[in-house]
Amino acid sequence: MVEASATSRRTRRPPKPLDRTRLNDLALHYVARFATSTGKLRSYLQRKLRERGWEDDGQPDIEALVERFAEKGYVDDEAYARSKANGLLSRGYGARRVEQTLRAAGIEEQLRSDTAPEEAEARQAIVALAKRRRFGPFAASKDDEPVEEAHKRREKQLAAMIRAGHSFEHARRVSEAPSIEDLENWAWDAQD
């Protein structure tokens with residue numbers, strides 16, 4: 001027979017309120033574990049303060065802590081923005097989605113505009129998305145598909161590409177491309 005206490009869960013004791021040392025240790029652990037921006041580090045520390053409270057004298061100086069981490073190079077907004085933008089583009093996301101992600105991470109407007117993809121990168125990203133999702137000329141040929149079904153499929157593909165952050169013109173170009181070769185040539189023409 002199983003004891004009742006053996007199956008009950010252990011109750012967790014509440015975490016200790018933060019002081020300067022614990023706040024610094026939390027921040028250090030966070031930046032060691034995750035690639036992050038100053039905005040995300042600031043949000044994380046504010047959330048931890050709300051959850052756990054503050055027991056030290058005075059108010060916590062989160063701004064000074066985040067600034068010190070940035071000066072030491074533990075947090076680099078420019079490197080984070082470039083890495084995040086390149087990762088999103090390689091997965092097929094468009095310029096609008098890159099900008100939204102960087103804004104959510106607390107990246108400044110000037111840095112967001114500096115890392116915005118150029119025309120060639122945007123075209124290559126939408127081709128990568130089309131290839132991965134089998135949109136446009138990458139789709140399996142359905143010669144016997146009714147016109148109405150083809151129209152619905154095309155609209156769904158357009159909507160998916162626009163949700164991924166691409167412009168309507170690029171999405172339309174992909175969905176109307178006559179062949180894979182034509183689409184790839186269009187993507188590489190922007191590099192010249």
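The following exercises, with worked solutions, concern helix packing and individual residues in a predicted model.

**Exercise 1.** Determine which residues of helix α4 are buried and how they are arranged about the helix axis.

*Solution.*
Step 1. Helix α4 spans residues 62-72, and its buried residues are Ile62, Leu65, Val66 and Phe69.
Step 2. Viewed down the axis of α4, these buried residues fall within an arc of 95 degrees, so they line one face of the helix.
Step 3. On the face of α4 turned away from the buried side, the exposed residues are Glu67 and Glu71.
Step 4. The packing partners of the buried residues of α4 are α2 (20-33) and α3 (38-52).
Step 5. Just after α4 comes Gly73, which takes a positive phi of about 90 degrees.

**Exercise 2.** Describe the packing of helix α8 against helix α10, and classify their relative orientation.

*Solution.*
Step 1. Two packed helices are described by the angle between their axes and by the distance between those axes.
Step 2. For α8 (residues 119-133) and α10 (residues 168-176), the angle is about 45 degrees and the axes are 10 Å apart.
Step 3. An angle of 65 to 115 degrees would count as roughly perpendicular and one under 35 degrees as roughly parallel; α8 and α10 are therefore oblique to each other.
Step 4. The crossing of α8 and α10 is right-handed.
Step 5. On the α8 side, the contact involves Glu119, Ala122, Arg123, Ile126 and Ala130, which meet His170, Ala171 and Val174 of α10.
Step 6. By residue class, the contact of α8 with α10 comprises five nonpolar, one polar and two charged residues.

**Exercise 3.** Carry out the corresponding analysis for helix α8 and helix α11.

*Solution.*
Step 1. Helix α11 covers residues 180-189; α8 and α11 pack at an angle of about 155 degrees, with their axes 8 Å apart.
Step 2. Angles over 145 degrees count as roughly antiparallel, and α8 and α11 are therefore roughly antiparallel to each other.
Step 3. From α8, the contact draws on Arg123, Gln124, Ile126, Val127 and Lys131. From α11, it draws on Leu183, Glu184, Trp186, Ala187, Trp188 and Asp189.
Step 4. The residues of the contact of α8 with α11 divide into six nonpolar, one polar and four charged.
Step 5. Arg123 and Ile126 of α8 appear in the contact with α10 and also in the contact with α11.

**Exercise 4.** State where Arg134 is placed, what sign its phi has, and whether it is buried or exposed.

*Solution.*
Step 1. Arg134 is in the loop between α8 and α9 (147-163).
Step 2. Although Arg134 is not a glycine, its phi is positive, at about 60 degrees.
Step 3. The relative accessible area of Arg134 is 58%. Exposure requires a value over 50%, so Arg134 is exposed.

**Exercise 5.** Establish the burial and the contacts of Tyr80 and Ala160.

*Solution.*
Step 1. Tyr80 is in helix α5 (residues 77-90), whereas Ala160 lies in helix α9.
Step 2. Buried means under 20% relative accessible area. Tyr80, at 8%, counts as buried, and Ala160 is likewise buried, with a relative accessible area of 8%.
Step 3. Not counting residues up to four places away in sequence, Tyr80 touches Ala35, Thr36, Ser37, Lys40, Ala105 and Ile107. With the corresponding exclusion, Ala160 touches Arg133 and Phe135.
Step 4. Between the C-alpha atoms of Tyr80 and Ile126, 46 residues apart along the chain, the separation is 22 Å. Ala160 and Glu181 are 21 residues apart along the chain, and their C-alpha atoms are separated by 22 Å.

Terms used:
Residues numbered from 1 in each chain as written. Predicted model: local features only at pLDDT ≥ 70, side-chain atom pairs only at ≥ 80, totals over all residues. Heavy atoms only, no water. Buried < 20%, exposed > 50% of the residue type's maximum accessible area, 1.4 Å probe, protein only. Helix = DSSP H or I, 4+ residues; strand = E, 2+ residues; numbered from the N terminus. Arc of directions from axis to C-beta. Contact = heavy atoms within 4.5 Å. Axes fitted to C-alpha atoms, helices over the stretch in contact; angles between N-to-C directions. Left-handed = near helix turned anticlockwise from the far one by under 90°. Nonpolar A, V, L, I, M, F, W, Y, C, P; charged D, E, K, R; others polar.
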